[in-house]
Amino acid sequence: MAIGMYPIPPPDAKTIEAIFDERNEDGTQTVLEPKVMAIFELLDYIVNEPPPKLEHKVFTDKFKDFVDICLQKNPEERADLKTLLNHPWICKAEGEEVDIAGWVCKTMDLPPSTPKRNTSPNQ
């Protein structure tokens with residue numbers, strides 16, 4: 001989600017730069033196509049290669065660390081919920097006002113949406 005495309009196989013440096021550059025020199029937007037892999041090729045990659053990493057300067061070190069501890073293949077090495085909730089990136093984010101629904105709508109080119117609470121009389 002952070003890079004806007006499936007991370008396996010990892011995009012090369014040129015693709016990563018294109019993701020975060022708003023416009024090309026000629027003013028056009030780069031259209032990115034992820035590499036298509038056959039299902040067994042994808043499974044082989046997931047099992048035998050290291051997990052994806054965020055390597056662009058746009059991401060903070062805290063966010064990169066958070067993603068890294070979430071993507072550990074060995075469940076015993078992967079962070080548990082308590083560790084994740086106490087991670088410095090989450091603690092910092094808790095103090096910020098963020099419109100996740102608005103961001104998702106913008107990212108997916110959807111019309112803005114305001115979540116509504118269930119107002120049924122049975123509550």
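**Exercise 1: the aromatic cluster**

Work out which residues form the one aromatic cluster in this predicted model, and describe the pairs that involve Trp 89.

*Solution.*
Step 1. The cluster's members are Phe 59, Phe 63, Phe 66 and Trp 89. Searching the whole structure turns up three aromatic pairs.
Step 2. Take Phe 63 and Trp 89: their centres sit 4.7 Å apart with 50° between the planes, which makes the pair tilted. This pair links distant parts of the chain, since Phe 63 is in helix H3 (residues 61–70) and Trp 89 in helix H5 (residues 88–94), 26 residues apart.
Step 3. Now Phe 66 and Trp 89: with centres 5.0 Å apart and planes at 40°, this pair is tilted too. Phe 66 lies in helix H3 and Trp 89 in helix H5, so the pair ties together parts 23 residues apart in sequence.

**Exercise 2: buried or partly exposed?**

Sort Phe 63, Phe 66 and Trp 89 by relative accessibility.

*Solution.*
Step 1. Grab the cut-off: buried means under 20%.
Step 2. Phe 63 has 16%, so it counts as buried, and Phe 66, at 14%, is buried as well.
Step 3. Trp 89 has 26%, so it's partly exposed.

**Exercise 3: the cores**

Find the residues of the largest nonpolar core, and say which domains they come from.

*Solution.*
Step 1. List the seven residues: Ile 3, Met 5, Ile 16, Leu 54, Phe 59, Phe 63 and Val 67.
Step 2. Check the domains: at least three residues come from each of domain 1 (1–49) and domain 2 (54–112).
Step 3. Look beyond this core: apart from it lies another one, of five residues, including Phe 66, Ile 69, Leu 84 and Ile 90.

Terms used. Residues numbered from 1 in each chain as written. Predicted model: local features only at pLDDT ≥ 70, side-chain atom pairs only at ≥ 80, totals over all residues. Heavy atoms only, no water. Core = buried A, V, L, I, M, F, W, Y, C linked by side-chain atoms within 4.5 Å. Buried < 20%, exposed > 50% of the residue type's maximum accessible area, 1.4 Å probe, protein only. Domains from an automatic or database assignment. Phe/Tyr/Trp six-rings, centres within 6.5 Å; stacked < 30°, edge-to-face > 60°. Helix = DSSP H or I, 4+ residues; strand = E, 2+ residues; numbered from the N terminus.
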